[in-house]
Amino acid sequence: MVRYIQTPPAAGSSAPSPIKATGRSLNWGIVSTGHIVSKVVADLQSLEDANVIAVSSRNEERARAFADEHDIEWAYDSYEAMFAEPEIEAVYIATPHGQHFEITMAALKAGKNVVCEKSLTINAAEARVLVAEAEEQDLFLMEAVWTRFTPVFARAMEILESGELGDPSWVQADLGFLAPYNPEWRLYDPAAGGGALLDLAVYPLTWAIGAMGFPTSVQASGDLNEDGVDIQTAITLGYSGVRHAQLMVSLTSSPTKEARVACTEGWLGTNAPLHNPTKLFIHPLNGPARTEVFEPVGENYTYEFREATRCIQAELNESPTMPWEHSVNTMAIFDGIRHQLGIRYPNDSYVA
Ligand SMILES: NC(=O)c1ccc[n+]([C@@H]2O[C@H](COP(=O)([O-])OP(=O)(O)OC[C@H]3O[C@@H](n4cnc5c(N)ncnc54)[C@H](OP(=O)(O)O)[C@@H]3O)[C@@H](O)[C@H]2O)c1
């Protein structure tokens with residue numbers, strides 16, 4: 001059975017806070033001034049061994065305003081100009097998915113270590129090319145699937161691994177929200193890799209992969225809007241043995257946003273949202289049910305940046321918790337779903 005290699009500590013352990021330095025300080029640059037960067041940057045800045053010294057935008061005013069607001073020294077009016085700055089060792093890229101490939105490639109070619117938002121690319125071929133580039137340049141590259149690095153997820157995997165609940169045989173996980181149609185919004189823009197699949201599915205999939213590994217079959221059913229992006233997609237994953245996962249992502253409804261793992265001797269579930277839950281519900285068949293509660297550190301992005309920092313300090317090119325193979329395999333699953341649903345993006349590069 002494929003399991004994650006967990007580096008974050010379980011809740012309640014005496015492991016150090018993720019803010020605590022694990023080595024020399026790294027200089028970081030931020031790519032884009034969009035919605036998520038504004039939430040994430042404080043968590044990166046909170047690390048004792050992270051210096052966020054630069055931000056870059058396609059627009060000079062936005063870069064300056066962001067730098068002022070977040071107390072960042074340098075503001076660049078292009079991503080490439082920031083990549084040319086030798087003092088910056090690592091960059092966090094948070095543009096839409098459709099732009100990840102080109103920008104991550106430029107950062108790697110400029111010699112920067114990269115943490116890139118999910119989905120790493122818009123297809124598996126692009127992901128393979130980025131991984132090969134990182135390997136060739138001897139640089140760190142990680143897809144920012146933050147859920148994987150949180151103590152709550154590590155604890156869930158520990159419980160499943162312990163055998164207390166028997167063998168996992170069924171995962172149900174859904175994620176979605178009512179996203180009003182706006183053709184300018186990246187979620188509805190095919191050139192940005194729009195749609196529910198690339199924006200949301202990585203999170204429910206994280207629970208399926210965590211519990212049961214990568215599937216042997218993938219079946220999808222979904223609806224595309226007139227622009228050709230998927231607005232609601234249901235995914236059934238098949239595994240050897242009597243094991244399945246049913247995942248749902250939606251831009252048109254507000255589901256439970258919870259994950260449940262059914263096992264032969266009980267089940268385990270999260271509260272919402274499954275990408276950053278604070279509670280685990282554990283229901284062993286032959287024992288009392290219990291709830292474990294987890295306090296976030298900052299917004300909880302601290303854990304992924306602790307991992308990236310630790311890896312770069314240790315001169316690792318990939319994180320054992322989010323290995324390259326998992327990003328490539330995830331994109332291959334999404335390729336299969338896209339093929340079944342007929343989702344096409346205008347900037348699909350490197351498609352065989
Ligand atoms: N981890 C999480 O919790 C989380 C949550 C939401 C989103 N995300 C991920 O983060 C990434 C960004 O999402 P977001 O919601 O922050 O998006 P957003 O608000 O639309 O911001 C994206 C930013 O990317 C830059 N950009 C570069 N090329 C662009 C293009 N062709 N079209 C539009 N913007 C472009 C823009 O910044 P400048 O104009 O300043 O260059 C823009 O502000 C996505 O990959 C998404 O999946 C992660």
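The legends below describe a predicted model, first as a whole and then in several close-up views. Residues are numbered from 1 along each chain as its sequence is written, and side-chain values use heavy atoms, with hydrogens and water left out. Because this is a predicted model, local features need pLDDT of at least 70 and side-chain atom pairs count only at pLDDT 80 or more, while totals for chains, interfaces and linings use all residues.

**Figure 1. The whole protein, with its 10 helices and 14 strands.** Helices (H or I, at least four residues) and strands (E, at least two) are DSSP runs, numbered from the N terminus. The C-alpha trace spans about 60 × 50 × 35 Å along its principal axes. A compact globule of 352 residues would have a radius of gyration near 20 Å, and the protein has 20 Å, which agrees; this radius is taken over C-alpha atoms, and the globule rule is 2.2 Å times the number of residues to the power 0.38. Buried residues make up 55% of the 352 residues, where buried means under 20% relative accessible area, exposed means over 50%, and partly exposed lies in between (1.4 Å probe, protein chains only). The protein exposes about 14400 Å², and carbon and sulfur atoms supply 50% of this area; accessible areas come from the Shrake-Rupley method with a 1.4 Å probe, and for residues only the protein chains shown count as cover. Among contacts (heavy atoms within 4.5 Å) between residues at least 6 apart in sequence, 69% join residues at least 24 apart.

**Figure 2. Two spans annotated in the UniProt record.** The unreviewed UniProt entry places the annotation "domain: Gfo/Idh/MocA-like oxidoreductase N-terminal" on residues 26–142, and the annotation "domain: GFO/IDH/MocA-like oxidoreductase" on residues 153–268. UniProt positions are given in the numbering used here, feature names are shortened, and annotations may be inferred rather than shown by experiment. Residues 26–142 are 46% helix and 22% strand, with their end C-alpha atoms 16 Å apart. Residues 153–268 are 22% helix and 37% strand, and the end C-alpha atoms of this span lie 11 Å apart.

**Figure 3. Ala107 in helix 4 and its contacts.** Helix 4 runs over residues 97–109 and includes Ala107, which counts as buried because its relative accessible area is 0%. When residues up to four places away in sequence are not counted, Ala107 touches Phe83, Val91, Ile93, Lys112 and Val114. Asp138 is 31 residues from Ala107 along the chain, and the C-alpha atoms of the two residues are separated by 13 Å.

**Figure 4. Two loop residues with positive phi, Asp138 and Glu315.** Asp138 has a phi near 55°, a positive value in a residue other than glycine, and sits in the loop between helix 5 and strand 6 (141–143). Because its relative accessibility is 54%, Asp138 counts as exposed. Glu315, also a residue other than glycine, has a positive phi near 60°, and its place is the loop between helix 9 (302–313) and helix 10 (324–341). At 70% relative accessibility, Glu315 counts as exposed.

**Figure 5. Two cis peptide bonds in loops.** Lys118 and Ser119 are joined by a cis peptide bond, for which omega is about -20°. Ser119 belongs to the loop between strand 5 (113–116) and helix 5 (124–137). Another cis bond leads from Ala272 to Pro273, with omega near -5°, and Pro273 lies in the loop between strand 12 (266–270) and strand 13 (279–284).

**Figure 6. Helix 8, residues 202–212, and the glycine that follows.** In helix 8, 11 of the 11 residues are buried, so this helix is largely enclosed by the rest of the structure. Among these buried residues are Tyr203, Leu205, Trp207, Ile209 and Met212. Gly213, just after helix 8, takes a positive phi of about 85°.

**Figure 7. Ile333 in helix 10 and its contacts.** Ile333 is found in helix 10 and counts as buried because its relative accessible area is 9%. Leaving aside residues up to four places away in sequence, Ile333 touches Leu205, Phe214, Pro215 and Val218; Leu205 is one of the buried residues of helix 8. Val171 is 162 residues from Ile333 in sequence, and the two are 17 Å apart in space, C-alpha to C-alpha.
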